[in-house]
Amino acid sequence: MTSNTAEEQITPADPKIKYGPPLDYSFKSLTSFTDVQDEDPRKGTHKVQKTDEGRVVTMAIKFNNNTLTDMAGISDVISSMLFNPTVLSSVDLSFNDISKIGQEICMFPSLKFLYLHGNSIFQVQEVDKLATLPNLQDLTVHGNPIEEEKGYRQYVLSKLPGLKNLDFSVVTKADRKDAATWDKMYGKKRRGKKKKSQD
């Protein structure tokens, strides 16, 4: 494997792929995912790895600290840039202005870490969509309006029982028990309660 710039070229035929550092589009003033391909990623201390076709060899991508308002187009952007999007394990969308969790994020079954803190999600039911992610372990949604809702943590854990960490806090056995109890007592009533959309 040779390197002639800050990028290391590899071929998809390599028997053992070593995945590189996150692809970093944080602090780029992005307003939508259509803006991403017009921007260069931030340079880190480690070399970016790319295939001969120019696809980035990474399992993590960062879009934090921008002004994104929704997730429209995220799956197309990620799929077009990454060498193997099916192994994507971490997406950072924190500190944007996203109000709804786009179904597109669920197209990446290997996703383990999803950071959504510091956004504008106002309906706790939005987390229901993430139940289709079989490997999701770490989720952050604090710093959103839903955090102020009574039973917020119990609701999230009742919908996503596979989580090991929620809002950078380890999910304990007591948390799981509380979530199960809360769901039996208030789940149906809470699910039927809808706030007016801010759209």
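The following exchange examines a predicted model of a protein, moving from its overall fold to individual residues.

Trainee: What pattern does the protein follow when read along the sequence?

Mentor: The protein has 3 helices and 9 strands. Read from start to end of the sequence, these elements give the pattern β-β-β-β-α-β-β-β-α-β-β-α.

Trainee: Which strands stand at the edges of the open sheet?

Mentor: The open sheet is built from 7 strands with mixed pairing, in the order β2-β4-β5-β6-β7-β8-β9. Two of these strands have a single partner strand each, so one side of each is left without a neighbour in the sheet. The edge strands are therefore β2 and β9 (169-170).

Trainee: In which sense do β6 and β7 pair, parallel or antiparallel?

Mentor: Strands of a sheet pair through backbone hydrogen bonds, and either sense is possible. β6 is followed directly by β7 in the sheet order, and L114 stands opposite L139 in β7. Over 3 bridges, β6 and strand β7 (residues 138-140) pair in the sense called parallel.

Trainee: What share of the contacts between residues at least 6 apart in sequence joins residues at least 24 apart?

Mentor: One example of separation along the chain is the pair I17 and T58, which lie 41 residues apart with their C-alpha atoms separated by 9.8 Å. For the protein as a whole, counting contacts between residues at least 6 apart in sequence, the share that joins residues at least 24 apart is 69%.

Trainee: What percentage of the accessible surface belongs to carbon and sulfur atoms?

Mentor: Of the 199 residues in the protein, 41% are buried. The accessible surface comes to about 10,900 Å², and the part belonging to carbon and sulfur atoms is 52%.

Trainee: Does S94 count as buried or exposed?

Mentor: S94 lies in the loop between β5 (90-92) and β6 (113-115). Leaving aside residues up to four places away in sequence, S94 touches N64, N65, Y115, L116, H117 and N119. The cut-off for burial is under 20% relative accessible area; S94 has 2% relative accessibility and therefore counts as buried.

Trainee: With which residue does the side chain of S94 make a polar contact?

Mentor: The loop that holds S94 follows β5 (90-92). The contact joins two side chains at 2.7 Å, and the partner of S94 is D92.

Trainee: How does I17 count in terms of relative accessibility?

Mentor: I17 is also a loop residue, placed between β1 (7-10) and β2 (23-24). Values between 20% and 50% form the intermediate class. I17 has 25% relative accessibility, so this residue counts as partly exposed.

Note on methods. Residues are numbered from 1 along each chain as its sequence is written. This is a predicted model: local features need pLDDT of at least 70, side-chain atom pairs count only at pLDDT 80 or more; totals for chains, interfaces and linings use all residues. Side-chain values use heavy atoms; hydrogens and water are left out. Helices (H or I, at least four residues) and strands (E, at least two) are DSSP runs, numbered from the N terminus. Buried means under 20% relative accessible area, exposed over 50%, partly exposed in between (1.4 Å probe, protein chains only). A polar contact is a pair of N or O atoms within 3.5 Å; within protein, one must be able to donate a hydrogen and the other to accept it, and residues adjacent in sequence count only if both atoms are side-chain atoms. Contact means heavy atoms within 4.5 Å. Accessible areas come from the Shrake-Rupley method with a 1.4 Å probe; for residues, only the protein chains shown count as cover. Two strands pair if DSSP finds at least two bridges between them.
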